[in-house]
Amino acid sequence: MKIMHCPLNGPRNISEFVYGGDVRQMPQPDECTDKAWAEYVFYADNRAGVVTEWWLHTPSGYWFIAERHTVTDDIVRTYDASDMFQQRIDFMVAGSDKEEQ
Amino acid sequence: MASKFEHPVLIELSDSARAGFRGLAAEKHLQRLGINIPDTPNLATYGDELAVLRLSPKEFWLLQHPLAEDSPLDKVQDAALPAQDVYRLFCRDSHAWFWLVGDRAADVMAKVCGVDLRAVVFPPGTIAQTSVARVNAIVVHQTLGNDTCFNLLCDSAAAEYFRRCMLDAMAEFGGQCMEREQLLTIVNQG
């Protein structure tokens, strides 16, 4: 059984987790080009080495960040998203002054 | 003092009152209503009327004791929410609720759950959000008199499957289902 350490719940069976994709800088959707947005949505680096990824612990609905080696599948470190994101990211609606929550 | 439950028993409490609150201001809102909040996630406080589950820094569930004579949850439900940063979670609609009671409860759970739920490592007042019989579930350890009592909350759509899995796991220990009224009778026996 492979064990992953959830920052909220502690060590759990890997079957309780779902992969959520690389942690990447999102371009401003209302300012970036269509090409830049398409690259953000559809392309991934698929890099060999330690990558930073979103993971979900499904029983608690808790999203966190993990550093994982893509060659050995070793999970180097896991931590709460607040370590990386100190404030909520709001999205501007194109053509509107209102901020979407 | 001896256990009142020679064999483990399973009681379905899905029709019992419970409610949830989530948001940055949820803790302050509940404290304002006089609710005793656990300090850290995955801990619970419980008494004769209400169990308070802290599932994350900003998510709380309140379970009204199924044998409580009053309805302490009504006061919490009737209170107006702050204008922002708190919203309700309708966990009575989303989740089924069972009690697993008896000295062998941890042994029963060991057959369907990978987390060690023995009292030495999972004492009363702790919570495990994990997989039970392949279903996402919340396990809360509390006591009922001198007996171990696990609150089990799972997706309501999986309630019947979950009940059958628990009965299967309990069979080895002579476990059985019980109605709330039977439980009340046993608990009230001197």
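Here are a few notes on strand E9 of chain B, its sheet and the largest pocket, all from a predicted model.

1. Start with the sheet in chain B. It is open and mixed, with six strands in the order E8-E9-E10-E7-E1-E11. Strands E8 (127–132) and E11 (176–177) have a single partner each and stand at the edges, so each has one side without a neighbour in the sheet.

2. On E9(B) pairing: this strand runs antiparallel to E10(B) (residues 147–155), and eight bridges join the two. If you want a register marker, B:Val140 stands opposite B:Asn151 of E10(B).

3. There's a helix over this sheet, too. H5 of chain B (residues 159–171) lies across E1, E7, E8, E9, E10 and E11 of that chain, and runs at about 15 degrees to E7(B).

4. Now have a look at B:His141, which sits in strand E9 (residues 135–144) of chain B. Its relative accessibility is 2%, so B:His141 counts as buried. The side chain of B:His141 comes to 2.7 Å from the backbone oxygen of B:Phe122. Beyond four places in sequence, the contacts of B:His141 include B:Tyr46, B:Pro123, B:Pro124, B:Thr148 and B:Cys149.

5. Last, the largest pocket, with about 1,800 Å³ of space. It is lined by 49 residues, and A:Gly61, A:Trp63, A:Ala81, A:Arg88 and B:Lys58 are the closest to its centre. Among the elements that give two or more lining residues are strand E5 (62–69) of chain A and, from chain B, strand E4 (50–56) and helix H3 (91–94). E9(B) gives the most, with four residues.

Technical notes
Residues numbered from 1 in each chain as written. Chains lettered and ligands numbered in written order. Predicted model: local features only at pLDDT ≥ 70, side-chain atom pairs only at ≥ 80, totals over all residues. Heavy atoms only, no water. Buried < 20%, exposed > 50% of the residue type's maximum accessible area, 1.4 Å probe, protein only. Polar contact = N/O pair within 3.5 Å; in protein donor to acceptor, adjacent residues only side chain to side chain. Contact = heavy atoms within 4.5 Å. Pairing = 2+ DSSP bridges. Axes fitted to C-alpha atoms, helices over the stretch in contact; angles between N-to-C directions. 1 Å grid on protein atoms, 1.4 Å probe; cavity = no way out; pocket = protein on both sides within 12 Å on 5 of 7 lines; lining within 4 Å. Points joined across faces, edges and corners; volume = space filled by probe spheres on them.
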